[in-house]
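Trainee: I'd like to understand how the empty spaces in a protein get their labels. Could we go through one together?

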Amino acid sequence: MSTADARWWRDAAIYQIYPRSFADDNGDGVGDLAGVRARLGYLRDLGVDAIWFSPWFPSPMADAGYDVADYRDIDPSFGTLDEAAALIAEAHALDIRIIIDIVPNHTSTAHAWFQRALTDASYRDRFWFRDGRGAAGELPPNDWGSIFGGPAWTRVADGQWYLHLFDAGQPDFNWDNPLVREEFEDVLRFWFDRGVDGIRIDSAAMVVKDPALPDFDPASPPDPHPWNDRDEIHDVYRGWRRVADGYPGGRALIGEVWLADPQRFALYLRPDELHAAFNFDFLGCPWDAKALRRCVDETLDAHAAVGAPATWVLSNHDVTRHVTRYGRTETGFEHHLRQTRHLAPTDLALGTRRARAAALLTMALPGSVYVYQGEELGLPEVEDLPAAARQDPIFARTGGADPGRDGCRVPLPWSGTAPPYGSGAPGWLPQPADWAQWTVQAQTDDPSSMLSLYRRALALRRAEPGLGDGPMAWLDAPADVLAFTRGDGFACVVNLSGGPVDLPAGAVLLASGPLDGGLLPADTSVWLRVS
Ligand code: GLC
């Protein structure tokens, strides 16, 4: 690949593959690298610039691969290191970059260091082992709860406890220990040496803890926090940036940073730290013109202050699919509300119309854009998975109160009219019986399909010089209509007003739905050539 476009991450369209659910080549019900390799042509035709793989490392799958047992290998259910090397080479030949998911906050209880720590006290300082409270140490060392529900501490055979902010199968690393820092810089080199173009950093803001491990203070602001967004964390990422910059053309570092404060968020994007971070404010934003405009402005202001490109994300493997969200009364997303919104009445036709309009908005905004697998097919959330099929630890750790994230992780439908839709075996999560209309096969030649819209929009986004990185300017528009220009002669208009509005003068390049003469219908977006 040429290094001339070393700043590709500033405006790339990045497709997220959740390996277990993308494409199953060997017919064991679980997606694999061979399945991805067989479908690289699909991704080229879709028009993406890069693929981000959710973790592909050996893992007991306590949290679907986010419990990594070995950071330098591939899980046997996915394939081998040689297959990963072939995949990277084949993707590069198609001009598609590869981003992998590194999980630095925690590992797996199956990781060699943790196994050793169980019997060798000298290894315990790589994690957070502590004696318990109470007369016999029978109580956890502090009051922190796991993000997945239940306590954040689990006791081992000799009576000590270890910290895990997520599942008990995911012990947290102690980043105050220089061995942990060295190990991860070496893991980065391992993958960069194999041609990986960038990494997505899981739970990036949680890595450093207050070493005193104080009880949670409900009166203190959310960030910084005893385990979130501590100032010392920036040294970690400065070290990673030095590693990334040591490669010709550099390598991209993209953080999963959930923070309420845009100014603190931007600190991660200073020129000597991460290149980009996911925009969860936009992902969670309701389908509402004022809220979206505020979000866009705040995002661009915060990023401009540090010279970083914004990212635009509608869905990922952790959140309710946006076709479903946008078809409800409450269109925003917040993790703690997943449980109360589960199975809320949903108008899928409305949600799909809005999702189409949102795709054109997202792809017209300045910066890079993410597409979560299946979003290009318009897949809805699967909400009626049987309890016995659910595998997300959130479901078990909340005693079934929170359905968890399995509903957005159901294997993709490729072809045919019944499950497993082109795979050799039923998927690890059951696919709905009524997904025939959403298969790749059903949508490929249908000009009105979501897939056709994504293909045309991504192709235009690539061809249009004003899109991607660069400035934007808001245009005057009727209430609850978002209208802005990019570059010289391109405009995007999004109608969230609930009724038709006049279409501005210009030639239509692409519309998310049928236009009504000179009118732009509700929940419809248009890209225009304007003079
Ligand atoms: C991130 C991942 C999520 C995972 C968690 C723990 O939020 O996106 O899927 O469960 O980290 O690794």
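Mentor: Gladly! Let's start with a definition: Ala, Val, Leu, Ile, Met, Phe, Trp, Tyr, Cys and Pro count as nonpolar, Asp, Glu, Lys and Arg as charged, and the others, Gly among them, as polar. In this predicted model, the lining of the second largest pocket then divides into 6 nonpolar, 2 polar and 8 charged residues.

Trainee: What makes Trp8, Asp11, Ala12, Asp49 and Arg462 part of the lining of the second largest pocket?

Mentor: A lining residue has an atom within 4 Å of a point of the space. The second largest pocket has 16 such residues, and those five lie nearest its centre. Helix H15, residues 450-463, gives the most to this lining, with 3 residues. The volume of the pocket is about 300 Å³.

Trainee: Why is the space of about 140 Å³ called a cavity?

Mentor: It is called a cavity because a 1.4 Å probe fits there but cannot get out. The whole structure holds 4 cavities of 30 Å³ or more, and the largest has about 140 Å³ of space. Its lining has 18 residues, with Thr320, Arg328, Arg338, His342 and Glu383 closest to the centre.

Trainee: How do you know which classes line the largest cavity?

Mentor: Arg and Glu count as charged, while His falls among the polar ones. Sorted that way, the lining of the largest cavity has 9 charged, 5 polar and 4 nonpolar residues.

Trainee: And what lines the second largest cavity?

Mentor: Its lining divides into 6 nonpolar, 6 polar and 2 charged residues, around a space of about 70 Å³.

How values were computed. Residues are numbered from 1 along each chain as its sequence is written. This is a predicted model: local features need pLDDT of at least 70, side-chain atom pairs count only at pLDDT 80 or more; totals for chains, interfaces and linings use all residues. Side-chain values use heavy atoms; hydrogens and water are left out. On a 1 Å grid over the protein atoms alone, a cavity is a set of points where a 1.4 Å probe fits but cannot get out, and a pocket is an open set with protein on both sides within 12 Å along at least five of seven lines; lining residues have an atom within 4 Å of a point. Grid points are joined across faces, edges and corners, and a volume is the space filled by probe spheres set on the points. Helices (H or I, at least four residues) and strands (E, at least two) are DSSP runs, numbered from the N terminus.
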